[in-house]
Amino acid sequence: MESLVETANPGVLSAAGKEEILSEATSKALHQVRETVGNPFVDNPRMTCREVNVYYGDKKAINNVSIDIARNEVIAMIGPSGCGKSTFLRCLNRMNDTVEGCRVTGDIRLDGMDIHDRNVDVVPLRARIGMVFQKPNPFPKSIYDNVAYGPKIHGLVQNKAELDEIVEGSLKKAGLWEEVRERLNQPGTGLSGGQQQRLCIARAIAVSPEMILMDEPCSALDPIATARIEELIAELREQYSIVIVTHSMQQAARVSQRTAYFHLGDLIEVGMTDRVFTNPRHQLTEDYITGRFG
Amino acid sequence: MKQPTTNPAIDKVNRGLRRRYRAERRFRICGATAIITALCFLFLLFFSIVANGYKAFQKTYIQIDVFFDPAEFANENLATANFPGLVKTSMSSLFPEVNSRGDKKELFYLVSPGASFQLMQLVKNNPNLIGQQQSVWVAANDDVDMLLKGHIDRTRPETERRVSDKQLAWLDALAADGKIKKTFNTTFFTSGDSREPELAGIWGATCGSFYTLLITLSLSFPIGVAAAVYLEEFAPKNRWTDIIEVNINNLAAVPSIVYGLLGLAVFINFFGMPRSTPVVGGLVLTLMTLPIIIIASRASLKSVPPSIREAALGIGASKMQMVAHHVLPLALPGMLTGTIIGMAHALGETAPLLMVGMVAFIVDIPHGFTDPATVLPVQIYLWSDSPERAFVEKTSAAIMVLLIFLFLMNAAAVYLRKRFEIKW
């Protein structure tokens, strides 16, 4: 606790001068406080989430989370297992609709459009918000068909030439083109784990989304494949908003601009990544990133 | 091996070790015994069927010289011609010394009653035969067939066998002349049922089985797959779908004869469909195989990894697209396997078909879904009930044919699964 006060003080003062110097008593009290620390809001956001609650049956999995996602940023969501970060991520493109007994309340807007609005169709919404999953899950089809599937079902292309172009472009953006250009007709499932995950990223960006949600995209990969994906994330930030859920704090620190820390369904702290990692303001964040639990 | 150690725990482990290995050995011996027993019974089954039936694939023929007397064909209508008379005349000419009425009857008994139909067929195909002498191989009577195949013991007293001493003498004379031969029994594969074993065949029953299974397959596969897809992918999970699931599982366990009673009550008595027909039999078997197909299809849908569904939904496929493009192709091999196993079930089913009248004695080959027909297992059942010795080997032969069909269907199931299985 003492160390918190010592290390946290200067950061707290410099980052948000109005905040009080934490005494041991208040830092303990902060364990109980579940108001979000830091400013979760940004100017001109891509997506706004206000007072989002998620219930699985009677159990509340996400409690009153409000956060903005900026344009062209990578925002990392970290937190111990079961803290609800993946659940929250899946709210953003309404993947939770597919979960039996899952109920989402609150207001989530993509460019001002309420995604839970009665008139909003979930199919184009998911085309606008791509998703990459924890385990690489290419379709058991050829590499080409994996990437071409999205544009085909959404009718984005008129002919084969356009489709070829999109496939090539997506694979290039995903940094996979050079490795697979000779074997586009081979099954996507025959690639290595890291290549499969990049194929999944290529598949997601083939439908020109505005955001990409990544649910622990590197947890099944070795460090070299992870490094490639992280490089790719940095490049993709030029065009997309990326929300990445990760268990690796080093990864969050490397790839993200902002970091959000979740704890038992609460959004505890949001801030610039550098600040959150060097200077956490909430006791729980501090405990987590210093490895006291999690 | 076992050295005393200073570690008491290891000593204890070592003491128990022998017992553990012994238990393992016992278990393996039990397993091997079970397998060997099962294989023995299987071998016994096949051996008894083949040993009983393989001779049915041969048939005895007797050569007679027929003079197609123009006097017999005065009438235009061939059917009115006295073909049995021609056969009798030919037989008499073989043994001119036979004079008494009783002896003649015994002599004529050597050839099958089907011989006259055979002659009629010959004349129909070639009217120029009238007025000519022609040597014809006609089917021997089933008792002659049985005798030549060794099923009738010549050494027994005459009163205890179905072939008399005189007949034996004639047959030996014919055999010495080379006028008796055994060839492959094509009749068995090309004709329908008959009261005469030497004329009975399985083609009628095979056609009946084919039409019945065609109805069953074309109804139960689409309905079963659609039901499984709906229940697994689209239906909400609530009390009602739970009840439906339990009831489908119950239906799979309902005795098949109950489906026959249902078919009799609903399809025949209520809807007035024609009895003894493949259409009714097929509908009954559809009801019977539906639960099997639904259960197998649901299991194979369940085995499609959820990650594929998420991947499809995640890039904006609609639920229908997710199912049609990704889930169904992956689940199809399992569904096909389940369907073929259900079909094999249906092919071997007898009891429900008895109820809808497919047990009738039907000589004609069915040519459609509404022709009266019987099916292979029912044909086997009918033959096994017949008193003639010759039907015993016919029964076994028909069982062999049925088993071959079942093997083929199971092989097709294995092939389809291997062929369309998608690996990752």
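Is Asn93(A) buried or exposed?

**Exercise 1. Place Asn93(A) in chain A and work out its surroundings.**

Keep in mind that this is a predicted model.

Step 1: find the spot. Asn93(A) sits in the loop between α3 (85-92) and β4 of chain A.

Step 2: check the accessibility. The relative accessible area of Asn93(A) is 0%, and buried means under 20%, so Asn93(A) is buried.

Step 3: list the neighbours. Leaving aside residues up to four places away in sequence, Asn93(A) touches Val122(A), Leu125(A), Arg126(A), Ile129(A), Met131(A) and Leu213(A).

**Exercise 2. Take the salt bridge between Asp111(A) and Arg128(A) and say what it links.**

Step 1: get the distance. The two side chains meet at 3.4 Å, N to O, and the cut-off for a salt bridge is within 4 Å.

Step 2: locate both ends. Asp111(A) is in the loop between β4 (102-110) and β5 (113-114) of chain A, while Arg128(A) is in helix α4 (residues 122-128), so the pair ties together parts that are 17 residues apart in sequence.

Step 3: look at exposure. Asp111(A) has a relative accessible area of 34%, which makes it partly exposed. Arg128(A) is partly exposed too, at 25%.

**Exercise 3. Do the same for Asp65(B) and Lys179(B).**

Step 1: the side chains of Asp65(B) and Lys179(B) form a salt bridge, at 3.9 Å from N to O.

Step 2: Asp65(B) belongs to strand β1 (residues 58-67) of chain B, and Lys179(B) to the loop between α6 (165-176) and β3 (180-184) of chain B, so this pair ties together parts that are 114 residues apart in sequence.

Step 3: Asp65(B) is partly exposed, with 29% relative accessible area, whereas Lys179(B) is buried at 15%.

**Exercise 4. Which residue forms a salt bridge with Lys149(B), and are the two ends buried or exposed?**

Step 1: the partner of Lys149(B) is Asp145(B), and their closest N and O atoms are 3.0 Å apart.

Step 2: Lys149(B) has 4% relative accessibility and counts as buried. Asp145(B) also comes in at 4%, so it counts as buried.

Step 3: now zoom out. Salt bridges that share partners join Arg46(A), Arg71(A), Asp111(A), Arg128(A) and Glu210(A) into one network. Over all chains, the count comes to 30 salt bridges.

**Exercise 5. Find what the buried residues of helix α15 (residues 376-384) of chain B pack against.**

Step 1: pick out the buried residues. In α15(B) they are Leu376(B), Pro377(B), Val378(B), Gln379(B), Ile380(B) and Trp383(B).

Step 2: follow their contacts. These residues pack against α7 (186-190), α8 (203-234), α13 (319-347), α14 (351-355) and α16 (390-420) of chain B.

**Exercise 6. Sketch chain B as a whole, starting from its secondary structure.**

Step 1: count the elements. Chain B has 16 helices and 3 strands.

Step 2: compare its spread with a globule. Its radius of gyration is 31 Å, against a value near 22 Å for a compact globule of 424 residues. The C-alpha trace spans about 100 × 70 × 40 Å along its principal axes.

Step 3: look inside. Of the 424 residues in chain B, 44% are buried. Among contacts with a separation of 6 or more, 76% join residues 24 or more positions apart.

Step 4: finish with the surface and charges. Chain B has an accessible surface of about 22400 Å², and carbon and sulfur atoms supply 64% of it. Its 40 positive and 33 negative charges have mean positions 16 Å apart.

Methods
Residues are numbered from 1 along each chain as its sequence is written. Chains are lettered from A and ligands numbered from 1 in the order in which they are written. This is a predicted model: local features need pLDDT of at least 70, side-chain atom pairs count only at pLDDT 80 or more; totals for chains, interfaces and linings use all residues. Side-chain values use heavy atoms; hydrogens and water are left out. Helices (H or I, at least four residues) and strands (E, at least two) are DSSP runs, numbered from the N terminus. The radius of gyration is taken over C-alpha atoms; the globule rule is 2.2 Å times the number of residues to the power 0.38. Buried means under 20% relative accessible area, exposed over 50%, partly exposed in between (1.4 Å probe, protein chains only). Contact means heavy atoms within 4.5 Å. Accessible areas come from the Shrake-Rupley method with a 1.4 Å probe; for residues, only the protein chains shown count as cover. Lys and Arg count as positive and Asp and Glu as negative; His and the chain ends are not counted. The place of a charge is taken as NZ of Lys, CZ of Arg, CG of Asp or CD of Glu.
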